[in-house]
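Reader: I have a structure open on my screen and would like to walk through it with you. Could we go piece by piece?

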2 protein chains.
Amino acid sequence: MKVSELGQFGLIDTVAKMIEDARDNQAYSWRNLLTGVGDDCAVWRGDASNQLAKVDCQVQGVHFSLDIISWEDLGWKSLAVNLSDIASMGGIPRYALVSMGLPRETEVEDVVSLYKGILNLAGLTGTAVTGGNISGSPVIFIDINVIGVTGNPEGKYLSRFSARPGDKIAVTGWLGTAAAGLNILKHQLEVEESISACLKKAFVHPEPRLTEGRLLVEKGIQTGMDISDGLVSDLGHICQSSGVGAVIELARIPIRPEVTVVFGEKSYQMALSGGEDYQLLFTGRPEVIERVRVASDYPATVIGEITAENSGEVTILDTEGRSFQPETAGWDHFKK
Amino acid sequence: MKVSELGQFGLIDTVAKMIEDARDNQAYSWRNLLTGVGDDCAVWRGDASNQLAKVDCQVQGVHFSLDIISWEDLGWKSLAVNLSDIASMGGIPRYALVSMGLPRETEVEDVVSLYKGILNLAGLTGTAVTGGNISGSPVIFIDINVIGVTGNPEGKYLSRFSARPGDKIAVTGWLGTAAAGLNILKHQLEVEESISACLKKAFVHPEPRLTEGRLLVEKGIQTGMDISDGLVSDLGHICQSSGVGAVIELARIPIRPEVTVVFGEKSYQMALSGGEDYQLLFTGRPEVIERVRVASDYPATVIGEITAENSGEVTILDTEGRSFQPETAGWDHFKK
């Protein structure tokens, strides 16, 4: 069987099962491991706080094209996608290791620009870049590993496994902005400069929601993740992990007016399955969500509710309360 | 300038300088960072012991060819090269994150075999595989990140920066074995089965010297690294980092008789610059080295001495005491 037949998530399930079978409770590491495969970060018991670790990769021709993103933004983004996973646990990033594959013809000044982008974001977030690896490769890839800690003495963090029926579903910021930016870049659309700059920035220069992630944990939220693959796909992961269903209302999804102005009806599709927004998706009791909304300097919007019915499924209601079917749920690396 | 002109090590120097310029002593992470770029692992102050982290990568067509190595051995080796760096610090591995890039046509059962190899070695070394990332990619790459701790309450570890004139230079095991194995596999040499099996195994299934690494620290050795690029190249790193020279004697380099039988005079070249042996290279006062040799179940051989003269350089003496020039020093990813 080809991985293209099984799909990325089927392949992850296969590997996750193998890892679970290899679990060795005699070994110190396994005994102290709180969350391995299946959540945004690995979490294990540290000596005083819980440590977090995450690896994510940007591959040329798969995640990025240098026609669309500059080397410096590529560096920023390669770290940002990892920090977003630390944010999605409510954690604090500490250290980053950078592994790069580069073709021989790569310009040194491009690598310098790449590192500028990485170090810029690292500096802003208190992350120490502690080295890594540089290797030859026929295509460019940047694989960053971030190690962090939970931001509270009790070691609490956000998980995908704790959503309960009656929880409200909320998101930070706006959705579909990155997809809109990618669309403008890819098809070189002629769009008013101020609008196009805002949308492109969302795609090439995403800001991990670290402050918001910590606030969520502080205020008592237990369930959360970041939106990297797309809202429907990622909310589906929470539903599957928690054994619950979800109903979201199209009209409540926060979409920037700049997206609607350019893309009209297509904006909904971008918000539902565009991915790469790196906003936080979380659920909690209505009063806890309200506490977060009041305390946050950054927008947080309720978009729906967790249900006991339709376990593992995400239902979308349009403005007339009818079920809405998105064209695609999100991104899969291997399936067409 | 192309990276092929600057070379891998020049590129690492460039990046290391940028990272050093970005150091922020106000930030918790940087303040607690003991070793960043420039040694085998990153080391930072943990709460009770020092934590270690390392990332290393295997890229198809660069580090491996599936004509030569099986998927299962590839998995083993991808983790082994990282554990070897933990060994080279005298540390204990704890957690591994695996990031893979795979073409769409990859067979699922091959990925299963790959993970078998990874989990086999992980199990033998008490390493918990805590997840990672799977991505689409035009070429296969396996990027593993290992996090570990120093194996002693004082947090001591082996570094490249502490070699002193008068130190003896020693290595564990044998050198050139992996290069001999690769040569047999690549050129499909017809060699007696028992010999060929032993040599091929050294290349496809290297064993990280974790026990020996810890023993070195325990017995008082301060300077050490693993031999991945080749003896001359790696010893050169110790010389440059410590500001010393090195003289080694060709006749004292431990080479398996199986290598000499098949490759004759060429064995020396393999031992000096073949690389991928993943043995440990270390220096120390003669009495400390002797203590290690007596205590170790695994061979350790003195091959030369650290000098104050010829700082940064490795001098090789042949059996007649004349200077010997190796054809190549070792591996560089970008230089021809």
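Author: Gladly, and we can begin in chain B of this predicted model, where strand β4 (residues 91–102) is joined to β5(B) by 7 bridges, the two strands running parallel.

Reader: Which residue of β5(B) stands opposite V98(B) there?

Author: That is G132(B), which faces V98(B) across the pairing of the two strands. Between them the chain passes from β4(B) through helix α4 (residues 108–125) of chain B to β5(B), and this β-α-β crossover is right-handed.

Reader: And β5(B) itself, how many of its residues are buried?

Author: Strand β5 (residues 128–136) of chain B is mostly covered, with 9 of its 9 residues counted as buried.

Reader: Let me move to the other sheet I can see in chain B; what is the order of its strands?

Author: It is an open sheet of 6 strands with mixed pairing, and the order reads β8-β10-β7-β11-β9-β12. The strands at the edges are β8 (223–226) and β12 (314–317) of chain B, and each has a single partner strand, so one side of each is left without a neighbour in the sheet. From one strand to the next, the twist averages 25°.

Reader: How is β12(B) held to β9, and how do the two run?

Author: Strand β9 (residues 245–249) of chain B and β12(B) run parallel and are joined by 4 bridges, with I248(B) standing opposite I316(B) of β12(B).

Reader: Switching to chain A, what does the sheet with β8 and β12 look like there?

Author: Chain A has an open sheet of 6 strands in the order β8-β10-β7-β11-β9-β12, with mixed pairing. Here β8 (223–226) and β12 (314–317) of chain A are at the edges with a single partner strand each, so one side of each lacks a neighbour in the sheet. Ignoring direction, neighbouring strands of this sheet are turned by 25° against each other on average.

Reader: Do β7 and β10 of chain A pair in the parallel or the antiparallel sense?

Author: Strand β7 (residues 168–172) of chain A pairs with strand β10 (residues 280–284) of chain A in the antiparallel sense, over 4 bridges, and the bridge partner of A170(A) in β10(A) is F282(A).

Reader: Where do the domains of chain A begin and end?

Author: The domain assignment gives domain 1 as 13–150 and domain 2 as 168–317, and the centres of these two domains of chain A, taken over C-alpha atoms, are separated by 22 Å. Their contact takes 19 residues from domain 1 of chain A and 21 residues from domain 2 of chain A.

Reader: Which element gives the most to the domain 1 side of that contact?

Author: Helix α3 (residues 71–87) of chain A does, with 10 residues on the side that touches domain 2 of chain A. By class, that side of domain 1 of chain A has 9 nonpolar, 6 polar and 4 charged residues.

Reader: One last thing, why is helix α5 of chain A described as largely enclosed?

Author: Because 8 of the 11 residues of helix α5 (residues 177–187) of chain A are buried, the helix is largely enclosed by the rest of the structure. Among the buried residues are T177(A), G181(A), L182(A) and I184(A), and what covers the buried residues of α5(A) includes α6 (193–204), α9 (257–263) and α10 (266–273) of chain A. The helix is followed by Q188(A), whose phi is positive, near 45°.

Definitions and conventions. Residues numbered from 1 in each chain as written. Chains lettered and ligands numbered in written order. Predicted model: local features only at pLDDT ≥ 70, side-chain atom pairs only at ≥ 80, totals over all residues. Pairing = 2+ DSSP bridges. Axes fitted to C-alpha atoms, helices over the stretch in contact; angles between N-to-C directions. Buried ≥ 20, exposed ≤ 12 C-beta atoms within 10 Å, placed from the backbone. Right-handed = clockwise from strand over helix to strand, strands pointing away. Domains from an automatic or database assignment. Contact = placed C-beta atoms within 7 Å. Nonpolar A, V, L, I, M, F, W, Y, C, P; charged D, E, K, R; others polar.
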